[in-house]
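Reader: Please take a close look at the aromatic residues in this model. Tell me how the rings sit together, and what surrounds them.

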Amino acid sequence: MDGVFFAVLLFLVHPAAAVSTNEPRNGACRDNREEFGFALIGHDYKSFHADNFGRCFFKCSIDEICQSATFLWNSKECKMKNETKRSRPADFVENPAATYMENSFRAKKGSKALVPGTSCKDILESGDAQGDGEYWIDPTASGDPFRVYCDMVTDGGGWLLITQYIEGNPSVLVQLNSYREILPKYSINEHYLLRSGFNQLKQDMGFSQIRFYCFKKTSGRVVHIMTSNDSMGNDVVKFFTTSNNLPQACGSFWRLPDDNSSLAVNCHQWGSPKKNKWGHKTQGLTSDRLYRKPMVWSNTRFFRFTLGNGLCCDDNGLSENVGSHGDKWQIFVR
């Protein structure tokens, strides 16, 4: 707060004091604060006439929504932005008649409902991630943001938690196609986002990978895989959103370091009736296929966490279907 007060006082006394000059410099150059000769194109949420860059940035610095400002010298126009050059690098361009500056007093993207990200990955790439935890997102910029859980560490981070089941957490069975209703309730077991809603999330947010995780204490088993970011992985994403074609298993995913499952090393056994396939042709083409039987090694190993059908983590759901407090199943997208 002291820094903000000092900046405000400085501008009130002499608005131009916060900049090196009241005129644009020749050529494009950069320093740690102002960036003369550069502009961020688009992402305006407010613009107004300003006599100088100091007045422009003063207005931005006292508005926590303002992530950065671009001042156009010829028109004396101040453009306040809800993005930065880091979050939208493709839109950061040279402009000899402009000055760009980020607001060091801004609210970090995702930290408040006022400044939501479009996804966990968007928040991460903006440089505003503060580790794993809750963040605000609004995939369609609807003005109605909501809180979600983001994993900002695993494989570089940027993962949005779709649903989870943790032994010992409260359980209330809810199956919906509204991701806005399901995602904020991630801490409650048996809240399932169904296939149409999962597809809508993909359209609105544009994820390209799915990550599956489970852990059972009694067996010490960990399933932890993520679909590959290529055409084979894309076929898996399609299966869980729009297609009923069972995609090839082997070659379509990567194992994470803590995976010790038999499932992951026996992908050629997945599928029914055909092998080396995700899903189950006769029992797995359901609206809850993401949770019911995404990985099936018939009569041997499963990944499943629909309570009525058994909680399976690299086991058969029968003799090994014994749960312990803290056993966990999770699905993420990025």
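Author: Phe-71 is buried, and Trp-73 is buried too. This is a predicted model. The two rings, Phe-71 and Trp-73, make an aromatic pair. Their centres are 4.9 Å apart, with 85° between the planes. That geometry is edge-to-face.

Phe-92 and Tyr-100 form another pair. Here the centres lie 4.9 Å apart and the planes meet at 70°, so this pair is edge-to-face. An angle over 60 degrees is what earns that label. Both Phe-92 and Tyr-100 are buried.

These pairs belong to a longer list. Across the whole structure, a search gives 21 aromatic pairs. Ring pairs also build a cluster. Its members are Tyr-192, Phe-212, Phe-239, Phe-240, Phe-253, Trp-270, Trp-278, Tyr-291, Phe-303 and Phe-305.

Charges come into the picture as well. Arg-289 places its charged end over the ring of Phe-239, 4.8 Å from the ring centre. Phe-239 is one of the cluster residues. Arg-304 lies over the face of Phe-302, with 5.3 Å to the ring centre.

Now the nonpolar cores. The largest has 48 residues. Those with the most contacts inside this core are Ile-162, Leu-201, Ile-210, Phe-212, Trp-278 and Phe-303. Phe-212, Trp-278 and Phe-303 also appear in the ring cluster. A second core is separate and has 12 residues. Trp-73 is in this second core, and so are Cys-56, Phe-57 and Met-80. Trp-73 is also the partner of Phe-71 in the edge-to-face pair.

Next, the empty space. The structure has 1 cavity of 30 Å³ or more. The largest cavity has a volume of about 40 Å³. Phe-240 and Tyr-291 are among the residues that line this cavity. Both also belong to the ring cluster. Arg-289, whose charged end sits over Phe-239, is in the cavity lining too. Other lining residues include Leu-193, Leu-194, Phe-198 and Asp-288. By class, the lining has 6 nonpolar, 1 polar and 3 charged residues. α5 (195-205) and α8 (289-292) each give at least two of the lining residues. The largest share, 3 residues, comes from α8.

The largest pocket holds about 330 Å³ of space. It is lined by 17 residues, and Asn-82, Leu-114, Val-115, Pro-116 and Ala-141 are the closest to its centre. The pocket lining divides into 8 nonpolar, 5 polar and 4 charged residues.

Technical notes
Residues are numbered from 1 along each chain as its sequence is written. This is a predicted model: local features need pLDDT of at least 70, side-chain atom pairs count only at pLDDT 80 or more; totals for chains, interfaces and linings use all residues. Side-chain values use heavy atoms; hydrogens and water are left out. Rings of Phe, Tyr and Trp (its six-membered ring) pair if their centres lie within 6.5 Å; planes under 30 degrees apart count as stacked, over 60 as edge-to-face and the rest as tilted. Buried means under 20% relative accessible area, exposed over 50%, partly exposed in between (1.4 Å probe, protein chains only). A charge sits over a ring if NZ of Lys or CZ of Arg is within 6 Å of the ring centre and within 35 degrees of the ring normal. A nonpolar core is a set of buried Ala, Val, Leu, Ile, Met, Phe, Trp, Tyr and Cys residues joined through side-chain atoms within 4.5 Å. On a 1 Å grid over the protein atoms alone, a cavity is a set of points where a 1.4 Å probe fits but cannot get out, and a pocket is an open set with protein on both sides within 12 Å along at least five of seven lines; lining residues have an atom within 4 Å of a point. Grid points are joined across faces, edges and corners, and a volume is the space filled by probe spheres set on the points. Ala, Val, Leu, Ile, Met, Phe, Trp, Tyr, Cys and Pro count as nonpolar, Asp, Glu, Lys and Arg as charged, and the others, Gly among them, as polar. Helices (H or I, at least four residues) and strands (E, at least two) are DSSP runs, numbered from the N terminus.
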